[in-house]
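User: Please go through this structure and justify the labels you use, setting each value against its cut-off.

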Amino acid sequence: MKTKAQAVVIGGGVIGCSILYHLTKLGWADVVLLERDELTSGSTWHAAANIHGLHDSTNISRIQHYTMTLYKELEAETGQSCGVFQPGSLYLAQTEEREHQLRLQAAKAKLYGMNFYEVSIEEAQRLNPLVNYDGIRCVMFEPDGGNVDPSGVTNAYAVGARQRGAEIHRFTPVTATDQQDDGTWIVRTPKGDIATPWVINAAGLWGREVAKMAGIELPLQPTEHQYFVTETMTDVAGHGTRLPSVSDRDGEYYLRQEGQGLLVGAYEKDMKFWAEDGTPLDFAHDLFPDDLERIEENMMNAIERLPAVGEAGIKRVINGPMIWSPDANVLMGPAPEMDGYFCCNGIIPGFSQSGGMGLMAAQWIVEGETQYDMFVWDMARFDSWATKAFTKARVQDQYAHRFAIHFPNEERSAGRPARTRPIYDKQAHMGGVFGLNAGWEHPLWFADTPGASDTNGFTRQNWWGPVGEECKMLRERAGIIDISNFAKYVCTGPGAEDWLNAVFANRMPKTVGRSCLTPLISKRGGIAGDFTVTRLGAEEFWIIGSGMAERYHKRFFKQVPLPDGTTFESRTEAMCGFNIAGPKSREILRRLTNVSLATEDFPFMRSARIELAGVEVLALRVSFTGDLGWEVHCATKDQPRLYDALIEAGKAFGAGPVGSRALMSLRVEKGYGSWSREYSPEYWPHEVALDRLCKFNKDFLNKDAAMEVLKSPPRENLVLLHLDEGDVTASDADATGGEPIFKDGIGIGRVTSGAYGYSVDMSLALGFVKNAQPGDEVEVMVLGRPHKAVILREPPFDPKGEILRG
């Protein structure tokens, strides 16, 4: 066995072997995979191994599409059969909401050139005559859907990797992973040690245990999962061709042909956890006792839809383990707190995602970044606040609602609250309805009475009216928005200015009290983040960024060494903040301070340390609403006192609390982008109009990459669209994000954010388009159907910024 390698992959399931294979495809031949037992041990070998392309996330759809097309290429390359069956998949909609979801996915498929489209009931009947189509509203067909052989796929990846020089060692458990002083690792096994700059944890059911060797706690929890295979069925054997699989998610089961029978699986409400205190080390190709009573309700749904299932005998039952993250997505990426440790754990639809997941992992390790924005999979989306209790509660919810629709703006309550601020109870008493952001509870909107909750759907919901009232209140008078969930940092010391200039693309303010907006540039030259930086003193700076991306941004900050005597610290927990915005915001604040807030004394993009109602605050003349306003930040212990004073002072002006849903609407009216929606590593600076903030007369992180992408014209441009009110009102829905945009029947882009602009009476959407100009008429696929829209020349609210700067 080698004593040195470019990377060591721990885990010989389908994901570990895919990562190894893709590392070799990107040129890393000196790589090793270590498996404690036999390849496919754990959860790979007993997987149902269904494959499908479409997902609610566009980038996950791209990855699944890549995976589906890879398998036959892999067979041709390696000579190893993957056992690919692609008779197609039928997707059934029993409800209006499911129909909306499927039509939106079909529109995305058309935009991205994927094979997924509607078929008539008659055509569906011809494709799979076993199905009872009574009550089905629409049927979509994915011709490439099907299944693969778990062992065949895993071994094909392994063969492909070996052919390019990789080594695979079975029955070689890892006993320790020790990081050295230079950041590299020693991976210890009974057969010898391997020195490597990269440890890749793809240990499946043992992901938690392997991570703990490196001091990492992963929020993962295994469960039991069952499916059964029927005896030979006459209707199946006599059909002549392989039957397409059936995705009846409203019925909460999945079904496909297996041999001359059917395989039926379910995610039952009465789910069962396993190995809560750790996965047994002697577990390998093991199963649990059958427990079909737990999935009886799901089985009855399947029998109602396919009566032949009820007449078939059961040949075998598979009850095996799966390991889940709190949101059922993989925990992937380099551990932000250390060098050279990569995680890829908690995979559920492994055979739909294995190829794309391996490619993304390899790109991240070899090239420093993935080609797609994969924050939806990034392990940095969770932190220590995702405790064992939180993880267990979320996994239970995810499992039991595996096939439930994830609606736009949906907030699930399981495991919450995880983190709260001092005024949480007060906001709840005021009618606050809360969402989750990086573990923090934050008010989405305020109801008339306490205890209200969201309804969910693709159309306008119960919060649509109240959010409109909050927007109008702020635009006409003023509103008080809790922005405590923003990420907040302080950089101090003699090297603070130089360090920040070396990290961020814009030049840091020279004058105390001035602020600047700045992008953070990614490895490929895209937008890794957007920040507001304020100079507080000769050697002190205040930095504000996206709260949900705080752990993600750690990777970038640590790439530039801090100078001696300089510190960079998070103040997100220690500090809270409010945005007081609207035409009366200045008058409200004047009641709480003796400091002049007049424009000549406190202009836009300026800051000062002042007192409000006796509370020391940092006040910044900025506002994400696009309106006149200030951000004020105080110590967390002072949050209740400051909030009470702001609410009380606001009453005299008809002002009150405003939630984040209203903030979304207000910033879209102004055309402001938001990180993870409009700002992402996938988008170049000049595509989002941030190139003007990149100062190339200084060095900064990934400057060369930014200069390189700026040599090319924008591939597409960020625009603001106005959706025709007649079309929108007819469907009672606004764009929410992800909807394709077409022009003359040709796909030209997609929506990134959507909201109703209450103060301008317009349904609006931000999105990226190509081959289109302001004034052009386009179609936005709201609910998967075309809605007329026009590309605006300027934002409808305060296009010249006169109110913002007034």
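Analyst: The questions below take up a charged residue, the nonpolar cores, cysteines and backbone angles. This is a predicted model, in which local features need pLDDT of at least 70 and side-chain atom pairs count only at pLDDT 80 or more, while totals for chains, interfaces and linings use all residues. Residues are numbered from 1 along each chain as its sequence is written, and side-chain values use heavy atoms, with hydrogens and water left out.

User: Why is Glu369 said to have no salt bridge?

Analyst: A salt bridge needs a side-chain nitrogen of Lys or Arg within 4 Å of a carboxyl oxygen of Asp or Glu. The nearest side chain of opposite charge to Glu369 is Arg524, 4.2 Å away, so the cut-off is not met. Glu369 is nevertheless buried (under 20% relative accessible area; exposed is over 50%, partly exposed in between, with a 1.4 Å probe and protein chains only).

User: What makes the pair Glu369 and Ser522 a polar contact?

Analyst: Their side chains are 3.3 Å apart. A polar contact is a pair of N or O atoms within 3.5 Å, one able to donate a hydrogen and the other to accept it; residues adjacent in sequence count only if both atoms are side-chain atoms. The value therefore qualifies.

User: What makes a set of residues a nonpolar core, and which residues have the most contacts inside the largest one?

Analyst: The members are buried Ala, Val, Leu, Ile, Met, Phe, Trp, Tyr and Cys residues, joined through side-chain atoms within 4.5 Å. The largest core has 49 residues, and those with the most contacts inside it include Ile19, Tyr71 and Phe342. Its largest share, 8 residues, comes from α9 (helices are DSSP runs of H or I, at least four residues; strands are runs of E, at least two; both are numbered from the N terminus). Another core, of 38 residues, lies apart from it, with Tyr489 and Val688 among them.

User: How do you know that Cys516 is in no disulfide?

Analyst: A disulfide requires two cysteine sulfur atoms within 2.5 Å. The closest cysteine sulfur to that of Cys516 is in Cys694, 12 Å away, which is too far for a bond. For Cys634, the nearest is that of Cys576, at 5.7 Å, again without a disulfide. The structure holds 0 disulfides.

User: Why is Asp761 called exposed, and Ala689 partly exposed?

Analyst: Asp761 has 51% relative accessibility and so counts as exposed. Ala689, at 45%, therefore counts as partly exposed. Ala689 also has a positive phi, about 60 degrees, although it is not a glycine; phi of Asp761 is near 55 degrees.

Terms used:
Lys and Arg count as positive and Asp and Glu as negative; His and the chain ends are not counted.
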